[in-house]
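Work through these exercises with the structure open. Each task is followed by a worked solution.

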Amino acid sequence: MGLISFLKSKFSKKDKIDNKYVSGMSKSRKNFSSKLTNLSKRYKSVNQDYFDELEEILIESDVGVSLSIKIIEEVLDESKKQKITEPEKINEILVDKMFLGYASKGDIVNEIQFKSEGPTVVLVVGVNGVGKTTSIAKLAYHYIQKGKKVMLVAADTFRAGAIEQLSIWGERLHIPVIVGKKEQDPASVSYDGAKEAIKQGVDLLIVDTAGRLQTKVNLMNELAKIKRVLNKEIAGAPHETFLIIDATTGQNGVIQAKQFNEVTDVSGVIITKMDGTSKGGIILSIREELGIPVRFIGLGEKLDDLEEFDLDQYLYGLCVEQDEK
């Protein structure tokens, strides 16, 4: 059984009604799955033109040029070995290779692994405008629903809007937010946050940081300083560093991921606005280019629309055509 057939059997009609991946990835699915179906209808048997068009569909879906070429080469080799020429079966092999390409990069861990004692600290990085503040709020909400005591730190002190937004979210979520004065040293605000988190017995401390990637050296120094002060108060902190990427930025998001990974050790990616893009292949591209897993995926604007990343559901939402009525 190919992966497409497996996913169809795994996710029943009942599941589709409440499946956020199905609704949140409708634009990407129409761009990708519909093109696959239309392509297979135009060919009775595959040839080089078919594979060229298949490669183009992958690239247009933001899978990335190098990964698209690699996947098509693997599909071509597999089809020759098995002597397969039917377009539908070729498409099955394609999705199999997409799955294996992601899964082979290492263990897929989504949830934060909490320390047995003391606060677990998550540092959040990302350029301005990608939905960083909203993602922090959604992440906080996700763990509040799991019974965790959460605190936020507004360490993006050079952008007044970021401090104000995080404070508003704190009020809505009824959780404390540690803020400093405008243009205060971000490390000192982080230090205050760490001390307060210990004092209040917080389970999860989420630290917002500046997104000024154009001043890479300064940002690197700033993040290094934040890490030092956090680790001084809480052993091993930060325990996670999450990078926020806007799915609608396409390959620019992959470039941002590379640059941030040079500046700090990113342990996971949160993809935002997946419901707003028709190019859902960016997740595969990030994994291929950096080996970093996508940990959470934003599939809507509501607080509970941040989902743990699930590779099966992602591929189902992207590759399996639905009755869109």
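**Exercise 1. Find which residue stands opposite Gly298 in S8.**

Solution. Gly298 stands opposite Leu306 in S8. Next, look at the two strands: three bridges join S7 to S8, and they run antiparallel. Strands are DSSP runs of E with at least two residues, helices are runs of H or I with at least four, and both are numbered from the N terminus. Two strands pair if DSSP finds at least two bridges between them.

A note on the model: it is predicted, local features need pLDDT of at least 70, side-chain atom pairs count only at pLDDT 80 or more, and totals for chains, interfaces and linings use all residues. Residues are numbered from 1 along each chain as its sequence is written, and side-chain values use heavy atoms, without hydrogens and water.

**Exercise 2. Trace how S6 is joined to S7.**

Solution. Strand S6 (residues 268–272) and strand S7 (residues 294–298) run parallel, joined by three bridges. Ile270 has Phe296 as its bridge partner in S7. Ile271 stands opposite Ile297.

**Exercise 3. Place S7 in the sheet and say how buried S7 is.**

Solution. Start with the order: eight strands form an open, mixed sheet, S3-S2-S4-S1-S5-S6-S7-S8. Strand S3 (177–178) and strand S8 (306–308) are at the edges with a single partner strand each, so one side of each has no neighbour in the sheet. Now turn to S7: five of its five residues are buried (under 20% relative accessible area, 1.4 Å probe, protein chains only). S7 is therefore largely enclosed by the rest of the structure.

Methods
Buried means under 20% relative accessible area, exposed over 50%, partly exposed in between (1.4 Å probe, protein chains only).
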